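Work through the model below by question and answer. Each reply ends on the value or name asked for.

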Amino acid sequence: MLLHYAHIIGLALARFGPCLLVAVSGEHGEQHEGGDHGGEHGGGTHLPNLISMVFGYDSVWNDWVNVFFAFVVAIFFTICATTVYRRRRMIPGPFQNFMEMLVEGMYNFIYSILGKETKKYLPFLGTLFFYILAMNWLGMVPFGHSPSTSLTITASLSIMVFLYAQYTGIRRLGALGYLHHFAGSPRDVIGWCMVPLMFPLHIIAELAKPFSLALRLFGNITGEDTLIAVFIMLGISILAFSPVGVPLQVPFYFLGLLLSTIQALVFTLLSTIYILLMLPHEEYEH
Amino acid sequence: MDYQSALGLAAPLAVGIAAIGSGLGIGRAVGSAMEAIGRQPEAAGKIQTAMIIGAAFIEALTIYVFIVFILASGKIG
């Protein structure tokens with residue numbers, strides 16, 4: 001409840017200050033961007049966030065919004081993790097207990113896919129999950145902004161997963177085993193005859209993975225945040241004569257919480273599976 | 001009809017058509033998963049994981065259309 005009132009207050013403030021203009025970027029973007037379209041945010045409504053409230057919408061600092069909030073998330077998790085790790089005890093306090101619960105839940109989830117390989121890949125995949133989850137949820141925090149509404153951020157995450165999967169493949173299968181895997185793991189004559197067909201197919205499939213990861217996360221979170229923003233604007237324009245609005249967006253907060261979690265989960269799950277596919281095949285058939 | 005009105009008509013329509021397809025697909029996937037869980041409740045975890053992966057692949061198609069819509073909506077003006 002506090003959440004949406006803060007949003008409303010933010011928007012109400014934004015309505016009165018000329019420099020804190022609420023961007024309806026369709027009109028706004030065209031006014032000062034001219035014909036050159038930024039690319040990432042083609043259209044849609046954006047809520048005011050911390051950077052645009054402090055510096056104003058025309059400031060250069062707006063280019064750094066996504067990076068800023070991504071860093072906020074990263075620093076938050078670093079502080080949480082180091083605090084718990086420095087003061088870890090045999091009998092955990094409430095905070096340590098909570099963190100252990102998160103890590104253990106993540107471990108069990110990944111264990112169901114990777115099996116005994118889990119420990120090696122848990123740090124990367126678990127971090128990925130919580131990082132993406134926090135970034136997605138940041139769009140619903142007052143004066144916050146989801147960095148995952150930027151294709152740059154999601155693309156960098158998915159390229160990282162792609163490179164890590166390839167590295168895992170070369171490391172675990174060996175250079176020849178890696179090529180053998182790309183040739184469709186041929187075992188008999190028919191398999192070797194299919195190699196010219198399978199090789200480009202596998203390479204295209206491998207290259208398509210980071211694209212689909214990045215676009216899925218970007219599209220889902222952008223859609224969800226735009227939905228919330230549009231309903232806030234609607235709620236405000238209903239009572240345009242007064243400084244308050246109708247909280248029409250509240251049901252979509254719950255939808256947003258659910259969808260953000262599912263998208264973070266799907267990203268992690270697919271990364272896990274891409275890594276699993278690169279592991280030696282005999283080991284994971286359990 | 002100039003290209004802007006053509007885009008203005010076609011872009012939302014494309015999202016709608018894509019949503020019909022994914023709706024049918026996800027409906028089938030989730031329906032079958034529920035059936036499977038009803039038949040074998042002890043395998044619920046594995047079925048759910050597989051279902052979420054499948055649903056993600058299905059709805060990714062709508063998301064691609066949505067991204068095309070975002071790109072096109074900049075040109076409608």
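Q: Is Phe143(A) buried, partly exposed or exposed?
A: This is a predicted model, in which local features need pLDDT of at least 70, side-chain atom pairs count only at pLDDT 80 or more, and totals for chains, interfaces and linings use all residues. Residues are numbered from 1 along each chain as its sequence is written, chains are lettered from A and ligands numbered from 1 in the order written, and side-chain values use heavy atoms, without hydrogens and water. Buried means under 20% relative accessible area, exposed over 50%, and partly exposed in between (1.4 Å probe, protein chains only). Phe143(A) has a relative accessible area of 31%, so it is partly exposed.

Q: Which two helices flank the loop that holds Phe143(A)?
A: Helices are DSSP runs of H or I with at least four residues, strands are runs of E with at least two, and both are numbered from the N terminus. Phe143(A) is not a glycine, yet its phi is positive, about 65°. Its loop in chain A runs between helix H6 (118-137) and helix H7 (151-182).

Q: Which residues does Pro92(A) touch, leaving out those up to four places away in sequence?
A: Pro92(A) lies in the loop of chain A between helix H4 (65-86) and helix H5 (94-114). It is partly exposed, at 28% relative accessible area. Contact means heavy atoms within 4.5 Å. With that cut-off, Pro92(A) touches Asn97(A) and Glu100(A).

Q: How far apart in space are Pro92(A) and Ser260(A), C-alpha to C-alpha?
A: In sequence, 168 residues separate Pro92(A) and Ser260(A). In space, their C-alpha to C-alpha distance is 30 Å.

Q: Is Cys193(A) buried or exposed?
A: Cys80(A) has a relative accessible area of 12%, so Cys80(A) is buried. For Cys193(A) the value is 57%, so Cys193(A) is exposed.

Q: How many disulfides does a search of the whole structure find?
A: A disulfide is a covalent bond between the sulfur atoms of two cysteines. The search counts pairs of cysteine sulfur atoms within 2.5 Å. Over all chains, the number found is zero.

Q: What share of the 286 residues in chain A is buried?
A: Chain A has eleven helices and zero strands. It exposes about 15500 Å² (Shrake-Rupley method, 1.4 Å probe), and carbon and sulfur atoms supply 73% of that. Among contacts with a separation of 6 or more, 70% join residues 24 or more positions apart. The buried share of chain A is 44%.

Q: What is the radius of gyration of chain B?
A: Chain B has two helices and zero strands. The globule rule, 2.2 Å times the number of residues to the power 0.38, gives 11 Å for 77 residues. Chain B is well over that, so it is more spread out than a compact globule. Taken over C-alpha atoms, its radius of gyration is 17 Å.

Q: What box do the C-alpha atoms of chain B fill?
A: Of the 77 residues of chain B, 26% count as buried. Taken along the principal axes, the box is roughly 60 × 15 × 10 Å.
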